[in-house]
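Visitor: I am new to this structure. Please pick one part, take a close look at it, and then show how it sits in the rest.

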Amino acid sequence: MSYTPATEALILALQTLPGVGVRSAARMALQLLERDTNSAQKLSSALQNALEKVHKCPRCRSLTESELCNICNNPDRDIETLCVVANDSDKAGIEMSGHFFGRYFVLHGVLSPIDGIGPEQLGIGDLKTLITTQNISEVILALDEQMESEATAHYIGEQLRSLDVTRSRIRFNQMKSGSLDKADSHIIANALADKKEIGFEHD
Ligand SMILES: [Zn+2]
């Protein structure tokens, strides 16, 4: 089956979303164009609006609509402790646990050479600058146990070895984005309680 060029372009664009293959992308495109143009308009303007307003916090790379995000802006947060997370969803989970009072650094991914995600894409240079310029005394690597995340944690741990900072690691299973609940926050609270200093881990 062939579609119009604009329909093809929409299908291709939808396929860039995680977990969306060509069949689902085609189904979504046809749903929006054939049956639900109201929703299509809403989706289009919401996306445009978000693209205009949302940007990465220049300090911690969290998504924000203000100049600095609300955590970087909060004078009550412990400025000496920095928690490194893969994405804003994990950050939200840690916040929900109510057991972390420092600030964050968001990688927006983990190392994945096959997808072209290297240290530069994860902002590792910015992370090192942040640590050395902001008097940070402890960096907690809060990444899950997937192979790429472990490799990322190891890489960052090595990169920070020469800096005057305590390096710690917590692990928790990746949460389903947008479905954080009490159980997730309990898991994270336990993970934080089970924090291990890098170099002193049992495994
Ligand atoms: Zn921030």
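Guide: A residue is called buried here when its relative accessible area is under 20%, exposed when that area is over 50%, and partly exposed in between. The model is a predicted one. The part to look at is the metal site, and the cysteine Cys72 is a place to begin. Its relative accessible area is 7%, under the 20% limit, so Cys72 is buried.

Cys72 is one of the residues that hold a zinc ion. The ion is coordinated by the SG atoms of Cys57, Cys60, Cys69 and Cys72, at 2.3 to 2.4 Å. The angles among the four donor atoms run from 103 to 119°, and the site is tetrahedral. Along the chain, the donors are arranged with the spacing C-x2-C-x8-C-x2-C.

How accessible are the other donors? Cys69 has a relative accessibility of 2% and therefore counts as buried. Cys57 is also buried, because its relative accessible area is 1%. None of these cysteines is in a disulfide, since the structure holds zero disulfides. Cys83 is in no disulfide either, and the nearest cysteine sulfur, which belongs to Cys60, is 11 Å away. Cys83 has 0% relative accessibility, so this cysteine counts as buried.

Between the zinc-binding residues Cys60 and Cys69 comes Arg61, in the loop from β1 (55–56) to β2 (63–64). The phi of Arg61 is near 70°, a positive value in a residue other than glycine. At a relative accessible area of 11%, Arg61 falls under the limit and is therefore buried.

From the site, the next step is to the interior of the protein. The largest nonpolar core has 22 residues, and those with the most contacts inside it are Val84, Leu107, Ile131, Val139 and Ile156. Two or more residues of this core come from each of β3, α5, β5 and α6. Helix α5 supplies the largest share, four residues. Another core lies apart from this one, with 18 residues, and the zinc ligand Cys60 is among them, as are Ile94, Ile140 and Phe172.

Helix α5 covers residues 124–133, and its buried residues are Ile124, Leu127, Leu130 and Ile131. They lie on the same side of α5, because they cover an arc of only 115° around the axis. The face turned away from that side carries the exposed residues Thr132 and Thr133. What do the buried residues of α5 pack against? Their partners are the strands β3 (81–85), β4 (103–106) and β5 (138–142), together with the helix α6 (147–159). Ile131, one of these buried residues, touches Leu82, Ile136, Val139, Leu160, Leu163 and Val165, leaving aside residues up to four places away in sequence.

Both ends of this helix have something to note in the backbone. Before α5, in the loop that leads to it from β4, is His108. His108 has a positive phi of about 60° although it is not a glycine. With 26% relative accessibility, His108 counts as partly exposed. Just after α5, Asn135 takes a positive phi of about 55°.

Two further residues give a sense of distance along the chain and in space. Lys196 sits in strand β7 (residues 196–197), and its relative accessibility of 26% makes it partly exposed. Although Lys196 and Ser168 are 28 residues apart along the chain, their C-alpha atoms are separated by 5.4 Å. Gln48 belongs to helix α3 (residues 37–53), and it is partly exposed at a relative accessible area of 44%. Gln48 and Thr7 are 41 residues apart in sequence, and 19 Å separates them in space, C-alpha to C-alpha.

The whole protein gives the setting for these parts. It has seven helices and seven strands, and read along the sequence they follow the pattern α-α-α-β-β-β-α-β-α-β-α-β-α-β. The C-alpha trace spans about 60 × 35 × 35 Å along its principal axes. Of the 203 residues, 37% count as buried. Among contacts between residues at least 6 apart in sequence, 57% join residues at least 24 apart.

Technical notes:
Residues numbered from 1 in each chain as written. Predicted model: local features only at pLDDT ≥ 70, side-chain atom pairs only at ≥ 80, totals over all residues. Heavy atoms only, no water. Buried < 20%, exposed > 50% of the residue type's maximum accessible area, 1.4 Å probe, protein only. Arc of directions from axis to C-beta. Contact = heavy atoms within 4.5 Å. Donors = N, O, S within 2.8 Å, 3.2 Å for Na, K, Ca; no water. Tetrahedral: all angles 85-135°; square planar, octahedral: opposite > 155°, others 65-115°. Core = buried A, V, L, I, M, F, W, Y, C linked by side-chain atoms within 4.5 Å. Disulfide = S-S within 2.5 Å.
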